[in-house]
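User: I would like a close look at a single helix of this chain, followed by whatever in the rest of the fold helps to place it. Please keep the reasoning explicit and the account connected.

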Amino acid sequence: MRTESTPGARGPVFCGVDTHADSHWLYVLDWRGRKVLSRQFPADAAGYEALAGAIAAAGEPACVAMEGTSSYGAGLTRHLASLGMPVREALSPARTQRRRPGQGKCDEADAERAARAAMSGSKLGTPKSQDGWVDGVRCMLAARSGAVKARTSAINTARSLLTTAPEGLRSRFRGVAGPRLMEVLPSVRAEGALGAALGALADLWAAARDAALDMERAIEASLEENCPALLAMYGCGPVSAAKLAVAAGDNPGRLRSEASFAAICGACPIPASSGKTVRHRLNRGGDRQANSALHEIARQRVMRDPETAEYAERARARGKSDREVMRCLKRYVAREAYRALMHPHEIRRPEDASELVAARRAAKVSQVRAASILGTSEKYISMLERGQRELKPIRRAYEAWVEAGLPLDWDRQAFEAERKMDSKKTPCQIGASGRKEAPQREARCGASLHVRGRSGGKPPSRPRIPGGSSRPCRP
């Protein structure tokens with residue numbers, strides 16, 4: 001199908017493309033907003049060449065706005081970008097703004113809307129380049145996600161089969177669940193059809209588990225090589241770092257500021273004020289995978305970092321709900337992640353641990369034994385001693401263990417419980433190192449604990465969030 005209003009155009013032309021799995025629709029406007037070309041092309045190499053030739057024949061492309069540059073239009077985006085054409089991503093409108101009641105919908109209308117957006121310059125974004133290491137991480141992350149889903153599905157199916165199994169077989173596995181159940185299921189492989197099915201599910205679970213672990217190791221290796229600053233963030237593992245990197249893409253410079261990155265991740269504040277109530281709520285839009293990564297990092301910091309936990313307590317004392325506290329923390333984490341993406345190889349080196357290593361070796365305690373006493377993995381003890389990661393909770397426990405004389409029966413859980421109780425009793429007089437802070441700091445923290453409306457003074461500015469910025473986010 002092809003319709004034309006003029007055989008050609010003089011001057012710049014503005015193009016819009018509506019992409020699909022099997023075909024793409026091109027709509028071209030001249031500099032006056034008149035239709036020059038409207039045509040459908042196949043979504044293959046020959047179609048890409050024909051579409052690019054049609055644009056060149058129509059005139060000099062000033063902008064090519066395309067929907068789905070990271071999905072159905074990924075191949076066409078790469079082809080047009082290789083030819084030097086200015087490709088922009090046309091943001092899909094809201095469902096209520098797409099068309100009015102009584103109006104129809106077709107591919108040509110969507111392509112025309114994209115072309116007019118290219119002409120006006122509104123609702124356009126820079127597409128992801130998809131030509132670097134982040135695209136490989138995206139593929140590995142998708143493979144890991146599929147393996148994790150297959151692993152979970154195998155466990156659920158096995159439990160469902162055991163629910164209706166004969167009592168003799170069912171009683172053998174009563175009280176056994178999760179990975180432990182899947183590890184012992186191969187023992188019933190020879191017990192009829194049900195045993196064979198359970199054995200096959202156990203094999204599927206083991207294969208999916210190994211595949212997920214392999215993908216996670218490959219993701220971590222790629223991040224260590226290309227963006228170690230993300231992994232150096234406190235509470236950020238390889239999967240969370242990969243989600244944040246994928247949200248930014250191979251060209252994170254397309255993001256104008258850390259606020260735009262927070263908006264992409266769904267961590268920017270949304271005004272929800274009414275009357276005398278002034279507040280902001282969570283953003284339910286954006287990349288939900290990146291938002292879940294920010295949430296997991298913030299959750300880990302609240303649980304394991306005393307400074308973040310104290311900040312959360314002070315925020316609750318000011319009248320904020322748990323959701324509002326988490327929103328503020330995710331906003332801080334988004335700012336830190338943006339800086340890591342902009343400077344991928346700039347890592348803040350952790351404190352020197354040579355004294356801890358010397359004390360451990362003097363006591364003739366191995367890393368394996370130290371990891372067992374401190375309740376962690378030998379891998380993290382090695383990273384801490386070599387200065388590769390800033391593991392605050394492990395370092396804090398390590399220092400307390402050394403101060404206690406490196407006893408072999410030292411109880412880390414009792415130490416953490418005692419420290420938590422001390423923090424609740426005097427949250428503003430005890431710092432992260434266990435020492436009392438300056439009087440000015442104590443006075444400022446004490447004032448910040450006053451609930452709005454009960455304190456006569458003005459609430460002070462927010463303290464610095466660990467790993468984040470001293471610049472406060474919106475309340």
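User: Which residues of helix α4 are buried, and what covers them?

Analyst: The model is a predicted one, and a word on confidence comes before the helix itself. Across the chain the pLDDT averages 82, and 84% of the residues score at least 70. Two stretches have lower values: residues 1-7 stay under 50 in pLDDT, with 17 contacts in the model beyond four places in sequence, and residues 426-475 are also below 50, with 79 contacts beyond near neighbours in sequence.

Helix α4 covers residues 107-120, which makes 14 residues, and because each residue should add 1.5 Å, the expected span is 20 Å, in agreement with the 20 Å found between its end C-alpha atoms. The buried residues of α4 are D110, A111, A114, A115, A117 and A118. These residues lie on the same side of α4, because the arc that they cover around the axis is only 160°. The cover over the buried residues includes the strands β2 (12-19), β3 (23-29), β5 (60-66), β6 (87-90) and β7 (124-125). Just after the helix comes G121, with a positive phi of about 80°.

To place α4 in its setting, the chain as a whole has 20 helices and nine strands. Of its 475 residues, 42% are buried, and among contacts with a separation of 6 or more, 63% join residues 24 or more positions apart. The accessible surface amounts to about 25100 Å², and carbon and sulfur atoms hold 51% of that area.

A second helix can be read in a similar way. Helix α12 (residues 288-304) has 17 residues, and from its first C-alpha to its last it reaches 24 Å, close to the 24 Å expected at 1.5 Å a residue. Its buried residues are A290, N291, A293, L294, I297, A298, Q300 and R301. For α12 the packing partners of the buried residues are the helices α10 (238-248), α13 (306-317) and α14, whereas what covers the buried residues of α4 includes the strands β2, β3, β5, β6 and β7.

Helix α14 also contains V325, which counts as buried because its relative accessibility is 3%, against a cut-off of 20%. Leaving aside residues up to four places away in sequence, V325 touches A312, A315, R316 and K320. For one of these, A315, the separation from V325 is 10 residues in sequence and 6.5 Å between C-alpha atoms.

The aromatic pairs, four by count, bring α14 in again. One of them joins F261 and Y338, with 6.3 Å from centre to centre and 40° between the planes, a tilted arrangement. This pair links distant parts of the chain, since F261 belongs to helix α11 (residues 258-264) and Y338 to helix α14 (residues 322-342), 77 residues apart. Both F261 and Y338 are buried. In another pair, the rings of Y398 and W401 have centres 5.9 Å apart and planes at 45°, so this pair is tilted too. Here the partners sit within one helix, α18 (residues 392-403), and because they are three residues apart there, about one helical turn separates them. Y398 and W401 are both buried.

Helix α9 (residues 228-231) contains P228, which is buried because its relative accessible area of 11% is under the 20% cut-off. Beyond residues up to four places away in sequence, P228 is in contact with L223, P344, H345 and I347. Its C-alpha lies 9.5 Å from that of A241, a residue 13 positions away along the chain.

Finally, the positive phi of G121 after α4 can be set beside two residues that are not glycine. Q130, in the loop between β7 and α5 (133-163), has a positive phi of about 55° although it is not a glycine, and Q130 counts as buried because its relative accessibility is 13%. L406, in the loop between α18 and α19 (412-425), likewise has a positive phi, near 55°, in a residue other than glycine, and L406 is buried, with a relative accessible area of 11%.

Conventions:
Residues are numbered from 1 along each chain as its sequence is written. This is a predicted model: local features need pLDDT of at least 70, side-chain atom pairs count only at pLDDT 80 or more; totals for chains, interfaces and linings use all residues. Side-chain values use heavy atoms; hydrogens and water are left out. Helices (H or I, at least four residues) and strands (E, at least two) are DSSP runs, numbered from the N terminus. Buried means under 20% relative accessible area, exposed over 50%, partly exposed in between (1.4 Å probe, protein chains only). Contact means heavy atoms within 4.5 Å. Accessible areas come from the Shrake-Rupley method with a 1.4 Å probe; for residues, only the protein chains shown count as cover. pLDDT is the predictor's confidence in each residue, from 0 to 100. The expected span of a helix is 1.5 Å times one less than its number of residues. The arc is that of the directions from the helix axis to the C-beta atoms. Rings of Phe, Tyr and Trp (its six-membered ring) pair if their centres lie within 6.5 Å; planes under 30 degrees apart count as stacked, over 60 as edge-to-face and the rest as tilted.
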